[in-house]
Amino acid sequence: MINRRKKIKEIVIFGLGRLGNALAEDFSSRGGQVVAIDNDQKKVDEIADKVAYALRADVMDTDSIKGISFIKNVDAAIIAMSGNFEATIMAVILCKELGINKIIAKAQNEIQANVLEKMGADRVIFPEEEVGKRLSLGLLYGNFIDIMTLSDDISIVDIDIPSKWIGKTLIQLDLRRKYGFNVIAIREENDITTDIKIDEPLKAGMEMVIVGESNKLNTLLKKEKR
């Protein structure tokens with residue numbers, strides 16, 4: 001039997017700072033249902049027209065949170081509060097008690113991460129650290145358009161086709177054997193395809209989406225730089 005991940009369609013977000021607000025808007029714009037909660041009425045009012053539900057509530061008031069019946073039906077909870085770690089812990093505990101299957105919490109450091117995981121968080125994120133890593137890699141590897149780290153070891157990168165590759169085919173470049181990278185998509189102008197023709201010459205202006213080991217990015221850049 002194939003084990004498929006359940007698609008997440010409804011989420012609750014605790015904390016409408018930069019992370020929470022951006023996530024609420026983006027997830028909602030893509031057709032997802034968002035319950036946005038913050039104890040600051042101004043922040044709630046600002047997001048109200050962009051999400052399914054926007055509520056002013058304090059997670060430290062456990063009865064009021066438990067009284068919001070439709071929270072129990074969401075697929076995931078994102079705890080994105082800043083500056084009050086006690087409230088973050090309480091939100092994780094509440095979500096666990098409400099039976100929410102997936103709980104993602106924001107942490108500032110490893111100590112906080114360990115506590116949140118022990119409290120029941122399924123995943124802990126470090127937004128500033130992750131953005132910092134992506135920016136650092138982008139500055140170091142100038143021909144990479146975008147970088148997404150899947151783990152400490154694996155990254156997906158969106159790269160401009162180096163001038164040395166123009167006119168060559170993927171068979172000739174043999175990126176998998178040389179660097180362990182797999183090409184998963186090709187972008188040309190506004191079109192992107194995963195139906196990759198490995199025997200067709202690459203053209204100027206193309207972009208390539210590749211996945212592979214993060215520590216081999218530098219090797220790839222040095223040997224194939226433009």
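Is Asp174 buried or partly exposed? In this predicted model, Asp174 has a relative accessibility of 26% and therefore counts as partly exposed, since buried residues must fall under 20%. Asp174 sits in the loop between α7, residues 170-173, and α8, residues 175-179. The backbone there has a phi near 50°, a positive value in a residue other than glycine.

The protein around this loop has 226 residues, and 39% of them count as buried. Its secondary structure consists of 9 helices and 11 strands. Among contacts with a separation of 6 or more, 54% join residues that are 24 or more positions apart.

Helix α4 gives a view of the interior. This helix covers residues 85-97, 13 residues in total. From its first C-alpha to its last α4 reaches 19 Å, close to the 18 Å expected at 1.5 Å a residue. At the N-terminal end, Asn84 acts as the cap, with a side-chain oxygen 3.3 Å from the backbone nitrogen of Glu86. Just after the helix, Gly99 takes a positive phi of about 80°. Along α4, the buried residues are Ala87, Thr88, Ile89, Ala91, Val92, Leu94 and Cys95. The buried residues of α4 pack against three strands and two helices: β1 (10-14), β4 (76-79) and β5 (102-106), together with α3 (62-66) and α5 (110-119).

Strand β5, one of these packing partners, contains Lys102. Lys102 has a relative accessible area of 33%, so it is classed as partly exposed. Leaving aside residues up to four places away in sequence, Lys102 touches Ile8, Asp75, Ala76, Ala77 and Asp122. The C-alpha of Lys102 is 8.6 Å from that of Ile78, a residue 24 positions away along the chain.

The loop between α3 and β4 holds Phe70. With a relative accessibility of 28%, Phe70 counts as partly exposed. Its contacts, not counting residues up to four places away in sequence, are with Val35, Tyr53 and Leu55. Phe70 and Val12 are separated by 58 residues in sequence, while their C-alpha atoms are 9.7 Å apart in space.

Turning to a later part of the chain, where does Glu207 lie? Glu207 belongs to strand β11, residues 206-213. Its relative accessible area is 19%; because the limit for a buried residue is under 20%, Glu207 counts as buried. What does the side chain of Glu207 contact? It makes a polar contact with the side chain of Arg187, at 2.8 Å.

The second largest pocket has a volume of about 250 Å³. Its lining is made up of 14 residues, and those nearest the pocket centre are Ile186, Glu188, Thr193, Glu200 and Met206. By residue class, the lining divides into 7 charged, 6 nonpolar and 1 polar. Two strands, β9 (182-188) and β10 (191-193), each supply at least two of the lining residues. The largest share, 3 residues, comes from β9.

Methods
Residues numbered from 1 in each chain as written. Predicted model: local features only at pLDDT ≥ 70, side-chain atom pairs only at ≥ 80, totals over all residues. Heavy atoms only, no water. 1 Å grid on protein atoms, 1.4 Å probe; cavity = no way out; pocket = protein on both sides within 12 Å on 5 of 7 lines; lining within 4 Å. Points joined across faces, edges and corners; volume = space filled by probe spheres on them. Helix = DSSP H or I, 4+ residues; strand = E, 2+ residues; numbered from the N terminus. Nonpolar A, V, L, I, M, F, W, Y, C, P; charged D, E, K, R; others polar. Expected span 1.5 Å × (residues − 1). Buried < 20%, exposed > 50% of the residue type's maximum accessible area, 1.4 Å probe, protein only. Contact = heavy atoms within 4.5 Å. Polar contact = N/O pair within 3.5 Å; in protein donor to acceptor, adjacent residues only side chain to side chain.
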